[in-house]
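Here is a short tour for the bench. Please have the sequence and the 3D view at hand as you read.

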Amino acid sequence: PSFLPRRWDHLKREAAAARRTVPEPMVFASDISARSCHLLEGTVRRHGLSDVLQVGHGDFFGFVPKKMTSKKGTVALNPPYGRRLGGVGESDALFREIRAKLGADYRGWRLVLIAPRDELVREVPFSGNVLPFRHGGGRRLLVTGRII
């Protein structure tokens, strides 16, 4: 309801004017779903963002950031949870695996992570801020900070 079409057009014009060519992709996007990756690649091409955004099909746990870039960046994750995985036990186990992967391969990176429950956020060994919000029909937590 608060969408302002004229404001959106203004923001798009500003972004287009500020656009620059970069020597290597600045955003690496991946998903385990080949269909999602294919759709995203089409969108990236249509909007002329191929020099900025690289799409890769694969599992998060098989992705090694050092193979893509020597720079530290921001890793953003919206992992599956709850019914998408079968239940709380599976969701909690996946979340713990994600935390271990982040600690092993993403030290020094900034983090944006959607968490399904407060108890899991308390176990995150990284410094960060937590913001509750509504998503997917339930209360979730947005965790931001730096992976140490």
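Trp8 sits in helix α1, which covers residues 5-18. Keep in mind that this is a predicted model. With a relative accessibility of 44%, Trp8 is classed as partly exposed, because buried means under 20% and exposed over 50%. Together with Phe3 and Leu11, Trp8 makes a nonpolar surface patch of about 320 Å².

Next comes helix α2, residues 34-46. Its 13 residues should span 18 Å at 1.5 Å a residue, and its end C-alpha atoms are indeed 18 Å apart, so the two values agree. Which residues of α2 are buried? They are Cys37, Gly42 and Val44. These residues cover an arc of only 160° around the axis, so they lie on the same side of α2. Their cover includes β1 (27-31) and β2 (53-57). On the face turned away from that buried side, α2 carries the exposed residues Arg35 and Arg46. After α2 comes Gly48, with a positive phi near 65°.

Now to Asp118, which lies in helix α5, residues 118-122. Asp118 has a relative accessibility of 29% and therefore counts as partly exposed. Leaving aside residues up to four places away in sequence, Asp118 touches Arg139 and Leu141. Asp118 and Arg140 are 22 residues apart in sequence, while their C-alpha atoms are 8.3 Å apart in space.

Here are the two partly exposed residues from this tour side by side.

| Residue | Relative accessibility |
|---|---|
| Trp8 | 44% |
| Asp118 | 29% |

Methods. Residues numbered from 1 in each chain as written. Predicted model: local features only at pLDDT ≥ 70, side-chain atom pairs only at ≥ 80, totals over all residues. Heavy atoms only, no water. Patch = residues over 30% accessible without salt bridge, like charges linked within 9 Å, V, L, I, M, F, W, Y side chains within 5 Å. Areas by Shrake-Rupley, 256 points an atom, 1.4 Å probe, with all protein chains shown as cover. Salt bridge = Lys/Arg side-chain N within 4 Å of Asp/Glu carboxyl O. Helix = DSSP H or I, 4+ residues; strand = E, 2+ residues; numbered from the N terminus. Buried < 20%, exposed > 50% of the residue type's maximum accessible area, 1.4 Å probe, protein only. Contact = heavy atoms within 4.5 Å. Expected span 1.5 Å × (residues − 1). Arc of directions from axis to C-beta.
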